[in-house]
Structures are given as structure tokens and as C-alpha cells.
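The exercises below are meant to be worked through with the sequence and the 3D structure at hand. Try each task before reading the solution that follows it.

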Amino acid sequence: MEEKNKTIDRDNAVIQIRDLKKSFGDLHVLRGVDLDIFKGENLVVLGRSGTGKSVLIKIIAGLLKPDAGTVTVMGEDVANLKPKELDKLRLKIGFSFQNSALYDSMTVRENLEFPLVRNVRDLSRADIDSAVEEVLENVGLSQTINQMPSELSGGQRKRIGIARTLILKPEIMLYDEPTAGLDPITSIDINNLINEVQERNHTSSIIITHDLTCAKMTGDRVAMLLDGRFERQGTFDEVFSTDDERVKAFYDYNFIQ
Amino acid sequence: MSKTNTKPDDAEPEKPVITRRLDQVFLDLNDVAQFVARFFREVFVPPYEGKEIIRQCYAVGYKSLGLISLTGFITGIVFTNQSRPSLAEFGATSWLPSLIAIALVRALAPLVTALIASGKVGSNIGAELGSMRVTEQIDAMEVSASNPYKFLVVTRVLATTVTIPVLTMYTTFVGLMGAFVNVTMVEQTSFSSFIQAVFGAITYLDIFASVVKSFFFGFTIGMVGSYKGYNSSKGTEGVGKAANASVVTSMFLIFIEELLSLQIVNALRGG
Ligand SMILES: Nc1ncnc2c1ncn2[C@@H]1O[C@H](COP(=O)(O)OP(=O)(O)OP(=O)(O)O)[C@@H](O)[C@H]1O
Ligand SMILES: [Mg+2]
């Protein structure tokens, strides 16, 4: 694999998670999560279905409140921000949803404009158009600009979802299963897109995935969520050089031995 | 998210303050109060979603116009026809236009309009916002700092609040036309004497009360639909439930408001 052109600042954690706990009723999902994401880094989060990966990034984006522990994003304690401050922080966070979450009553263009015109004041029509065209070009879907989300394929929806977050030039990207349900070629396109975004905008990212090719291609570091904690963290090879059955099962399924 | 759970990992289940069920009722009421209060906090703060408000007004009117025209017209015909025998007993059929005018303006038109709108518009708002909640579109707006409440709820509530009174006036008009068709066929009343009788019967207070009442009906329909949709539970089932609950709850509240307004208007009239 070619060496990626990037700089990771190991002294500068943009996201700091300490002893984070979250339960839903009697279901203890996160049971003491500790995690750092450094500036400029792609961190891949692996873990079985239902282990709370989506819950984790929703807490980071302030969509869910933690029961205990702290999440600090760019120096701000997410759970204790006032709505205005939280919105300000959210402008720096891009969130790509597991099932894209495109606004299905709006065209692709309106989807992309939506966050832009509500957060950047005094844009001219020309500014808006050029910003929309630029992000569409970045994800390689310029021709879809006037289509409705229902007319797009799953892979296209994913890319438009990513484009919609890129339009605000976020410093942190949270990808929830960017390649789930996509064919290998489209998946590779998305992986490349994730790397391009990182290199072009120097973003720090969390990439949730079950797809180890995606993990290998995009991840500078891998963390595996097991029983509500991150028990294993490190490079791809470090994480998978183990006899732990729970970890090996992942590997065996993805790379048929 | 509104329902947060702050108890630590392995704490005992909290002791209910009263009973578990009653506790929940008060928690829900508090939830509703906060949802409604947020409307008044946000409605006057710019930026205003003008384009979306107009689009929603249009949608409310467009969705209910056909059914309201039909129902209003038929109500006018049927109510006139059914009232005739009672008045005929006293040889007072010439009072029909006045009677129907009072009935339409004071009760029938606002109620018919509001009930039809809860069925057509309220269920639609519930389903629309419910499916946006379920497919995480509302979360997507929230994480892009785009205030989903303002874009989705404030616009819809404003649209129903403004549009339902207008529709009510329209229903009154269509109902009167229905009544006229019936009266002119049976009693051969002329249009001008019909209109004279109508305006002789209704007072400014009647018209004012009718508008104010339907203003509240409109607010209720928009608010209930939005609340049910916005807080819809996950899954397709949640969307259906939200749509259904929007209709049932808003119809119930509309009848309560009707009873209250009756008391208030009677007091005004007496005093
Ligand atoms: N809002 C919620 N209310 C109640 N339970 C929830 C909520 N959100 C998540 N859960 C529960 O928390 C657990 C973890 O959910 P989460 O979506 O984070 O899983 P995940 O690791 O992302 O799984 P997948 O790989 O399938 O996406 C699940 O059991 C889910 O049912
Ligand atoms: Mg998930």
C-alpha cells in the first residue's frame, strides 16, 4: 500500500474520551470507554453489531447524553455545553450516518445547501452554487445535482451524505459504516474518498466499520470495542496478532483463509 | 435528545415518586410543556424560514381544500333541510337563513374544518416528521447545527395556525352556499334577502370568536402532529403510531377547546 501523505500530531488529541458509560434501561452498552483521537489521524473502530459503536459517535456529536464519564472534543466538554456552544462545535464535526439520512423531500442540491445557508451568513447565490459544485465534484457525483435521494443508489447516497458534511469543511469526520452494503469497487471508491478528505482538509476521523479492507485502507490506528470497552488498540497488524477468538473471528470472516 | 437517563451503571432502579405510571404522566406533561414553550422561544428569533412557511401553508390548504369544499357544502344543505320541519311547526321557515348562519359561524364551520384538517393535515405532519425521526434526518439536521425544530416544527405550526382560520371562513362561505341552494329550491328565497338575513343574524362577536377559535384549533393540529412525529419511536411502527396519535389527540383536544370557548363566549355575551 502506498504511503499516505499526512502528519499525525500525537500530542494533540482532538477527541478525548474518559471512562464513558451509557446504558439504555438494563442494557449496559458502553461500560467505561477510554479513547483518544489525534489530530490528522484516521481511527478505525471495529466491533460486533450492537456493541454501541453508533451510540459512541452519537455521544461525541452530542446527539445522546452520556450517563457517566467525559467526552472532550477540541477542548470542549460536549455534555455540558449550552445549545449555542454545542452548535458552534458541531460546525467543526462532520457526521456521516449509517443509512445516509439524506433529506428525502429535497433534491441533492437542496440537501447540500441546507447546512451551508443556515450556518454561513451573507452568501451570494454564486458562492452557494460553487460550494455545492465543488463538494459534488469531490465525491464524483456532479451529474446528480438535480436528482431526488430516492433516485440514487445506496453508494451514491453514501457519497452525497459525505458531501453534505464536507460542505462545512469540518475538522473532525465521523463515518458510520461508510462501506456497509456496497459492492467492492464502490467500497474502494469510498475508502479513497475518506483518505482524500483526510489529506486535503487535514481532518481527524473516526471510521466505524465491519469491513477490514476499509479498516486497512483508511485506518492509521484500529480500536476494537469488546463488551463495552476498547480492549485492543494499535495498528491493524497489532490488533489482529492475538489468539482472542472474538478478534480472530472478524479477521477470518473478512479474509477467507 | 429529550429523554436522558442519568443514573449510573449499576444503580438500583429509582424509586418512583408517586407510582411509576403517574410519574411517567408528569414526565410526559413536562416534555410536552417544554416542546410547546420552545415554539414561543424560537418563533420570533431570526432567521425566519419564510420560504418553508409559505410552502407549508400551501400544503395545508391544498391538502384539505377539496374535502372541505365538499363537506362544507353538504353540511349546509343537510343542516338546512333537517332544521326545516322543526321551524315549519311554528310557521317560522323564514328564519332558516338566520338559524343556519348562526350555526355555521358559531360551531359547524370551525369544527368541520378542524376535524377534517386533523385527519388530513395532522396525520400527515405526524407521519412526515415521524419518518424523518426514524431515518435520522432530524439527527442529521441537528449535527449540522441547522435547528430542526425551527425548520420542521415552527414552520408547520405557523402554517396550520394561519391557514385553518382562513379555511374556516371558506367553509362558512361554502356552507352558506349549500344552505342557499336548499332554501332557494324550497322557499324560493332570493339571494339578496338570504344574504340580508344571514348578516342580520350574526354579530361581530360571532365572527371574532369563530376566527379566534379556529386559530387555536390550527395551533393544536400543528403542535400535536409535530410533537407526535418529532418524538416518534424508532421503526416503521413508530411512524404509523405517530400519524394515528396525531389525529386522535388533536380531535380530542379540539372538542375540549370547543367546550371551553363555548363557556367563554357565553360569558362575554351575557356580560
Ligand atoms: N436511542 C436508543 N434507545 C434505546 N436503545 C438504544 C438506542 N440507541 C441504541 N440503542 C441500543 O444500544 C445498542 C447499541 O446500539 P448501536 O446502534 O450503537 O450498535 P452498533 O454497534 O452501531 O451496531 P451496528 O454495527 O449494527 O450498527 C443496541 O442494542 C441498541 O438497541
Ligand atoms: Mg451502528
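**Exercise 1.** In chain B, what share of the contacts with a separation of 6 or more is accounted for by residues 24 or more positions apart? Describe the make-up of the chain as well.

*Solution.* The model is a predicted one, and the values that follow are computed from it. Step one is the contact count: in chain B, residues 24 or more positions apart account for 83% of the contacts with a separation of 6 or more. Step two is the secondary structure, which comes to 8 helices and 0 strands, so that, in the notation of elements read from the N terminus, chain B runs α-α-α-α-α-α-α-α. Step three is the extent of the chain, whose C-alpha atoms fill a box of roughly 80 × 45 × 35 Å along the principal axes. Step four is burial and surface: of the 271 residues in chain B, 45% are buried, while carbon and sulfur atoms hold 69% of an accessible surface of about 14100 Å².

**Exercise 2.** Determine how many helices and strands chain A has, and judge its compactness from its radius of gyration.

*Solution.* Begin with the elements, of which chain A has 9 helices and 10 strands. The radius of gyration of chain A is 18 Å, and because the globule rule also gives 18 Å for 257 residues, the chain is as compact as a globular protein of that length. Burial can then be added, since 53% of the 257 residues of chain A count as buried, that is, have under 20% relative accessible area. Finally, among contacts in chain A between residues at least 6 apart in sequence, 67% join residues at least 24 apart.

**Exercise 3.** Find the protein donors of the magnesium ion (ligand 2) and work out which parts of chain A they tie together.

*Solution.* The donors are A:Ser54, through OG, and A:Gln98, through OE1, and they lie 2.0 to 2.4 Å from the ion. A:Ser54 belongs to helix H1 (residues 53-60), whereas A:Gln98 sits in the loop between strand E6 (93-96) and helix H3 (108-119), so the pair ties together parts of chain A that are 44 residues apart in sequence. As for its surroundings, A:Gln98 has 31% relative accessibility and therefore counts as partly exposed.

**Exercise 4.** Is A:Ser96 buried or exposed, and which residues is it in contact with beyond its neighbours within four places in sequence?

*Solution.* First locate A:Ser96, which lies in strand E6 of chain A. Its relative accessibility is 3%, so A:Ser96 counts as buried. Setting aside neighbours within four places in sequence, A:Ser96 is in contact with A:Ile162, A:Thr165, A:Leu174, A:Tyr175 and A:Asp176.

Terms used:
Residues numbered from 1 in each chain as written. Chains lettered and ligands numbered in written order. Predicted model: local features only at pLDDT ≥ 70, side-chain atom pairs only at ≥ 80, totals over all residues. Heavy atoms only, no water. Donors = N, O, S within 2.8 Å, 3.2 Å for Na, K, Ca; no water. Helix = DSSP H or I, 4+ residues; strand = E, 2+ residues; numbered from the N terminus. Buried < 20%, exposed > 50% of the residue type's maximum accessible area, 1.4 Å probe, protein only. Rg over C-alpha atoms; globule rule 2.2 N^0.38 Å. Contact = heavy atoms within 4.5 Å. Areas by Shrake-Rupley, 256 points an atom, 1.4 Å probe, with all protein chains shown as cover.
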